[in-house]
Amino acid sequence: MWFIIKFVKMDPFFLQKTYIQSLDTSKLRNAVNLNVLRLDLLHPQISGNKWFKLKLFLEEAKKQSCFKIATFGGYYSNHILATAAACNYYHLSCTLFVRGNEPKEYSATLRQCKDLGATLVFLNKNDYLKLKINEGLKADVYFIPEGGNGTLGIMGAATIYANYKLENYDFLIGACGTGTTITGILRDAKPHQTVIGINVLKGYENLQQEIVIKANNSKARFNLLNDFHFGGYAKYTKVLLDFMNDFYTQHQIPTDFVYTGKLFYAVQYLVNENFFALGSKVLVIHSGGIQGNAGLPKSSVVF
Ligand SMILES: *Cc1c(COP(=O)(O)O)cnc(C)c1O
């Protein structure tokens, strides 16, 4: 029965590894108080925001006495790896529906999922889309939506706000894929705050409207910035990789090329452009995802 007891206590010990770090901004042209919420330190596989998006889904599965979890994602998805690792941690069975044919050589992400005991099922685009509309409990399997999206994902992400006392900052900035995480933050944000999302997708500008609606008329301002995608989802340039390496050398904070590299690049741009008023307290949410860098050519990043 010990594993059931462990499952009941949803916030695991590894949350204690996260903290808020102040950046040395003496080299910056403009004086802002720049801080980073290090969710990347949470766990190497259940990284950053993914734990917060998953936890209420797992709790709901438990409430329904369901110990079989299933979810969806691509070859490099941080979400499927986080789900596989969380299921391994809580002794739940895990089935991952992966978009695309079974590759001859598994990505580092897929390999880790397999090593964590997940069952991988590869689906072509049509079958994947058909299956994806499943959510919640079907038969004896609890389906978590792709990317941990949905109401429980938003509510779980919202717990970040109280957990780390985010009311103490003027600006809260995070990377947006589905927008679930930033929606949760925006929901709880106070009138004196501005929440900024860095969109890592190209040509998906409706996300601004979607986030505002799902955040239930938040009292805070919200801006989605659409010019930092570097060509689109999981696309990158030398400029981005150089920035990530420089940023690491300067602050010893690793970033990933899909989300947080673009996020910190945008933050640096905003600081240089005097976007923040003098003395503003800025919090950047480092949502993790470092494992995804295994998809880059060797030696692209120095960390
Ligand atoms: C998934 C992910 C995001 C995007 O989160 P959404 O809730 O989908 O917007 C941001 N950063 C990292 C590192 C991620 O893995």
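The largest cavity in this predicted model is lined by Gly 174, Ala 175, Thr 181, Ile 182, Ile 185, Ile 285 and Ser 287. Two elements, β8 (171-176) and α7 (180-188), each give two or more residues to this lining. The larger share comes from α7, which gives the most, with three residues. Sorted by class, the lining has four nonpolar and three polar residues, and no charged ones. The space in this cavity comes to about 50 Å³. In total, the structure holds two cavities of 30 Å³ or more.

The second largest cavity holds about 40 Å³ of space. Its lining is made up of Asn 149, Ile 154, Thr 178, Gly 179, Thr 180, Thr 183, Leu 207, Glu 210, Ile 211 and Lys 214. Here the elements that give two or more residues are α7 and α8 (207-214). The most is given by α8, with four residues. Five residues of the lining are polar, three are nonpolar and two are charged. Helix α7 thus appears among the elements that give two or more residues to the largest cavity and also among those that do so for the second largest.

Besides the cavities, the surface was searched for pockets. The largest pocket has a volume of about 870 Å³. It is lined by 41 residues, of which Gly 74, Ser 77, Arg 99, Tyr 233 and Tyr 259 are the closest to its centre. At least two lining residues are supplied by each of α2, β3, α3 (78-89), α5 (125-132), β8 and α7. Of the elements, α5 gives the most to the pocket lining, with four residues. By class, 19 residues of the lining are polar, 15 are nonpolar and seven are charged. Both β8 and α7, named above for the largest cavity, also supply residues to the lining of the largest pocket.

Backbone geometry was examined next. Ser 65 has a positive phi of about 55°, although it is not a glycine. This residue is placed in the loop between α2 (49-63) and β3 (68-73). The two elements that flank this loop, α2 and β3, each supply at least two residues to the lining of the largest pocket. Ser 65 counts as exposed because its relative accessibility is 57%, above the cut-off of 50%. A positive phi, near 65°, is also found at Ala 234, likewise a residue other than glycine. Ala 234 lies in the loop between β10 (221-225) and α9 (238-251). With a relative accessible area of 32%, Ala 234 is partly exposed.

Cysteine pairing was also assessed. A search of the whole structure finds zero disulfides. For Cys 113, the closest cysteine sulfur is that of Cys 94, at 7.3 Å, which is too far for a bond; the cut-off for a disulfide is 2.5 Å between the sulfur atoms. Cys 113 is buried, with a relative accessible area of 0%. Cys 176 also counts as buried, at 1% relative accessibility.

Confidence in the model was considered last. The mean pLDDT of the protein is 92, and 94% of the residues reach 70 or more. Residues 1-6 have a pLDDT below 50, and this stretch has six contacts in the model beyond near neighbours in sequence.

Methods: Residues are numbered from 1 along each chain as its sequence is written. This is a predicted model: local features need pLDDT of at least 70, side-chain atom pairs count only at pLDDT 80 or more; totals for chains, interfaces and linings use all residues. Side-chain values use heavy atoms; hydrogens and water are left out. pLDDT is the predictor's confidence in each residue, from 0 to 100. Contact means heavy atoms within 4.5 Å. Buried means under 20% relative accessible area, exposed over 50%, partly exposed in between (1.4 Å probe, protein chains only). On a 1 Å grid over the protein atoms alone, a cavity is a set of points where a 1.4 Å probe fits but cannot get out, and a pocket is an open set with protein on both sides within 12 Å along at least five of seven lines; lining residues have an atom within 4 Å of a point. Grid points are joined across faces, edges and corners, and a volume is the space filled by probe spheres set on the points. Ala, Val, Leu, Ile, Met, Phe, Trp, Tyr, Cys and Pro count as nonpolar, Asp, Glu, Lys and Arg as charged, and the others, Gly among them, as polar.
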